[in-house]
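Reader: Got a minute to walk me through this one? I'd like to start with the pocket.

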Amino acid sequence: MKPAPHLPLPHLLLMPPNWIGDAIMAQPAMAAICAHHIRHCNTEQISVCGRPWLNDLLPYIGLSGAVYRNSLPKADKAFLFPNSFRSALQCRMAGIGKLVGYRGQWRSLLLSQPLTHRISLKNEHHRDFYLDIARQLDMEIPLTEVALSVPEGAMASAHALMRQHGLSPQQLVCIAPGAQFGGAKCYPAESYREITQQLAGAGWHPMILGMPEDKEVGQTILGDITTPHWNAAGETRLSEALSIIAACRLMLCNDSGLMHIAAGLGIPTVTPFGATDPERTSPSGPHVRVLYEPADCSPCLQRECTVKGHPCMSNIKPSALFDACVSMLNQN
């Protein structure tokens with residue numbers, strides 16, 4: 001007996017996760033869903049709706065033909081990566097008839113295909129959690145690792161920005177000392193400063209990326225460096241930060257959205273982990289070095305550290321991070 005043909009679903013909607021890092025970890029799942037619907041469901045239009053930063057991020061995620069929308073279109077089918085009741089209700093109110101997502105938060109009755117949580121976010125990787133949406137629907141998985149792409153013109157724009165601040169693209173090292181989730185993820189500024197001073201002394205051009213609230217920490221890290229550098233925290237739009245990351249030689253950062261972006265772009269990425277578990281949220285990419293020296297309380301998964309001395313981070317010596325950076329720079 002021949003399998004029943006798929007019904008035409010010309011307009012597909014994706015609602016990615018609400019955090020940049022999670023949206024990057026969901027990329028392989030979203031790519032599988034898009035490829036399946038283009039190949040088997042006569043899908044002609046793919047919309048991505050969610051946080052405004054998706055508009056800048058989408059060209060790097062590489063979902064063929066996908067367009068960002070700031071409001072919900074009346075699509076034929078939607079895949080909901082957020083686990084909230086609100087996301088399902090919004091899609092129903094927008095007139096979308098077929099909704100797919102994980103059950104939970106009392107939203108199963110709103111979903112056309114409520115999926116079971118087979119992957120535990122407590123001890124398995126978030127990337128696999130998102131991929132299991134496609135697997136439960138028997139879709140082919142073209143890739144299991146994150147693979148971001150650089151849109152046309154991004155590198156030229158990044159090089160122009162660097163040169164405006166006296167930085168060489170061949171010598172640029174990015175440091176992202178913040179983490180939106182909270183301070184428990186953050187490596188100490190004075191330790192970052194020690195590493196950055198050594199990198200600058202070896203001829204590399206350090207640049208701080210982050211939010212406006214990271215400006216003061218960035219200044220502490222750069223200290224009295226007199227060689228080319230730029231504290232760009234709060235000074236770049238996300239689109240500019242993305243292009244700079246794509247063009248840099250190394251990313252040194254905490255467990256954050258920028259970490260996942262750099263790793264997914266194939267940029268050598270060095271990251272200290274402490275409050276979070278690398279088994280669950282480590283970056284996906286070909287040139288990644290994670291340093292993890294857990295304390296008795298690790299991983300606490302708390303926003304702020306309540307233990308004197310922030311031991312999970314102080315266990316990771318600046319010399320170890322510096323050596324990891326030098327090793328990665330020498331390999332590329």
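Author: Sure. Helix H1 gives the most to the lining of the largest pocket, with 4 residues. Keep in mind that this is a predicted model.

Reader: Which other helices supply at least two residues of that lining?

Author: Besides H1 (20–25), there are H5 (126–136), H9 (238–247), H10 (257–264) and H11 (278–281).

Reader: And how much space lies in the largest pocket?

Author: About 1200 Å³. The lining counts 45 residues, and those closest to the centre are Trp19, Ile20, Gly21, Gln180 and Gly257.

Reader: What does the lining look like by class?

Author: It has 20 nonpolar, 16 polar and 9 charged residues.

Reader: OK, new topic. What order do the strands of the open sheet come in?

Author: The order is E3-E2-E1-E4-E5-E6, so to speak from one edge to the other, with 6 strands and parallel pairing. Strands E3 (66–69) and E6 (113–115) are the edge strands, and each pairs on one side only. From one strand to the next, the twist averages 20°.

Reader: Which helix packs on it?

Author: H5 does, touching E4 (77–80), E5 (98–102) and E6. The direction of H5 makes about 135° with that of E5. H5 also supplies at least two residues of the pocket lining.

Reader: Back to the strands: how many bridges do E1 and E2 pair over?

Author: E1 (residues 11–15) and E2 (residues 45–49) pair over 4 bridges, in the parallel sense. One pair to look at is Leu13 with its bridge partner Ser47 in E2.

Reader: You mentioned H9 earlier. How do the axes of H6 and H9 cross?

Author: The axes of H6 (residues 154–164) and H9 come within 8 Å and cross at roughly 90°. Angles of 65 to 115 degrees count as roughly perpendicular, so H6 is roughly perpendicular to H9.

Reader: Which residues meet there?

Author: From H6 you have Ala154, Met155, Ala158, His159, Leu161 and Met162. They meet Glu240, Ser243, Ile244, Ala246 and Ala247 in H9. By class, that contact has 8 nonpolar, 2 polar and 1 charged residues.

Reader: Backbone oddities next. Which peptide bond is cis?

Author: The one from Ser298 to Pro299, with omega near -15°. Pro299 sits in the loop between strand E12 (288–292) and helix H12 (311–314).

Reader: And which residue has a positive phi although it is not a glycine?

Author: Asn42, at about 55°. You'll find Asn42 in the loop between helix H2 (27–40) and E2.

Technical notes: Residues numbered from 1 in each chain as written. Predicted model: local features only at pLDDT ≥ 70, side-chain atom pairs only at ≥ 80, totals over all residues. Heavy atoms only, no water. 1 Å grid on protein atoms, 1.4 Å probe; cavity = no way out; pocket = protein on both sides within 12 Å on 5 of 7 lines; lining within 4 Å. Points joined across faces, edges and corners; volume = space filled by probe spheres on them. Nonpolar A, V, L, I, M, F, W, Y, C, P; charged D, E, K, R; others polar. Axes fitted to C-alpha atoms, helices over the stretch in contact; angles between N-to-C directions. Parallel < 35°, antiparallel > 145°, perpendicular 65-115°, else oblique. Contact = heavy atoms within 4.5 Å. Pairing = 2+ DSSP bridges.
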